[in-house]
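Please follow the cysteines and then the charged side chains through the structure shown here, taking them pair by pair.

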Amino acid sequence: MDNDSRLEQAMLAAISASARVRGTTSPNPPVGAVVLDVAGAVAGVGATQPPGGPHAEVLALRAAGDRARGGTALVTLEPCAHEGRTPPCTDALLRAGISEVHFAVADPNPAASGGAAVLRAAGVRVESGLLAEQVATGPLRAWLHYARTARPHVTWKYAATLDGRVAAADGTSRWISGEQSRAEVHELRAAVDAIIAGTGTVRTDDPQLTARTPDGGLAGRQPLRVVVGASEIPATSRVLDGAAETVRIPSHDPDTVLATLAARGVVDILLEGGPRLAGAFAEAGRIDRILAYVAPVLLGSGPAALDEAGVSTITGAHRWTVEGVTMSGGDVRISAVPARVLRR
């Protein structure tokens, strides 16, 4: 294997490590790191621990031990150069004798950036951009958005029929999507910080909003359940069953909701409310990604996926760019981002 391939394989391992801790590190980024020894063999792998715990580089260096000296570190995010809850990762890399560092994306947080310059000044070879697109659209997507905007990242997830219906005329909606799609959604729930639904959805559908395993049990990690809106919900609602923490926010205003959750350290949000709530977030420009599961089903009538979103003419339509289309069992999974994101 040539050196470029070796470095790419190591960065892929770092991305996998970061994916495994997604949802456990907020408001810190879920970073992954790999240390190669002087022969190019993997000597250590690490991923950021919950707030107050060691960062990815530190854990990878611990695992590598003496094999780190003269070796190469690959990190999904630029190593930090500031003193926070933990010491700077640049210090740990220098003490370990790392001679070369490759990171995927620069740290957009002014308080933590500058690690590359610190390492270069100390004589370490530093390169950036390796598999940057995979990292930026992968485990670090939500945190990068949060660091740049100070707002949590919102993914609107919904399942619809080929004719755009999310329920039948009588309100029934189980199950529009297939088994594999539903399993993927539960994996996604287990990886985000919070799930949002409106009081109307809670009253109508009585969702539990938990992450479950294939056998139907509760996953080991549960997101925060967020119910928005001023209306009351029944005391018997499943979102109040104690299976996970639930918070009430008596507002449908997206900015109020997001500011409240940001104050709690929430970075990554899954919006699962009904068409009205989705429309409010769309009109406010507060949907950062759409994840649509389109099932090969026709209903002909019933509620559409999106309600009023502030559009009265085609020139005012919200434009999106499809970044991926894949099959999920018999369903089509579409991932899209606002068109303006790609013009930056």
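Cysteine 89 counts as buried in this predicted model, its relative accessibility being 1%, and cysteine 80 is likewise buried, with a relative accessible area of 6%. The closest cysteine sulfur to that of cysteine 80 belongs to cysteine 89, at 3.6 Å, which is too far for a bond, because a disulfide requires the two sulfur atoms to lie within 2.5 Å. Cysteine 89, whose nearest cysteine sulfur is that of cysteine 80, is accordingly in no disulfide, and the structure as a whole holds zero disulfides.

Salt bridges, by contrast, are present, and a search of the whole structure finds 13 of them. One of these pairs glutamate 100 with arginine 125, with the closest N and O atoms 3.4 Å apart. Because glutamate 100 lies in strand β4 (residues 100–105) and arginine 125 in strand β5 (residues 125–128), the pair ties together parts that are 25 residues apart in sequence. The glutamate 100 side of this contact is buried, at a relative accessible area of 14%, whereas arginine 125 is partly exposed, at 46%.

Where does the salt bridge between aspartate 241 and arginine 225 stand in terms of distance? Its closest N and O atoms are 3.0 Å apart, and the pair links distant parts of the chain, since aspartate 241 sits in the loop between β8 (224–228) and β9 (246–249) while arginine 225 belongs to strand β8, 16 residues apart. In this pair arginine 225 is the buried partner, with a relative accessible area of 0%, and aspartate 241 is partly exposed, with a relative accessible area of 38%.

A further salt bridge joins aspartate 255 to arginine 286, where the closest N and O atoms are 2.7 Å apart. This pair, too, links distant parts of the chain, with aspartate 255 in helix α9 (residues 254–262) and arginine 286 in the loop between α10 (275–283) and β11 (289–295), 31 residues apart. Aspartate 255 counts as partly exposed at 36% relative accessibility, while arginine 286, at 18%, counts as buried, because the limit for that class is under 20% relative accessible area.

Beyond such single pairs, salt bridges that share partners join Glu100, Arg125 and Glu127 into one network, and so the contact between glutamate 100 and arginine 125, which ties strand β4 to strand β5, is part of that network.

How values were computed: Residues are numbered from 1 along each chain as its sequence is written. This is a predicted model: local features need pLDDT of at least 70, side-chain atom pairs count only at pLDDT 80 or more; totals for chains, interfaces and linings use all residues. Side-chain values use heavy atoms; hydrogens and water are left out. Buried means under 20% relative accessible area, exposed over 50%, partly exposed in between (1.4 Å probe, protein chains only). A salt bridge is a side-chain nitrogen of Lys or Arg within 4 Å of a carboxyl oxygen of Asp or Glu. Helices (H or I, at least four residues) and strands (E, at least two) are DSSP runs, numbered from the N terminus.
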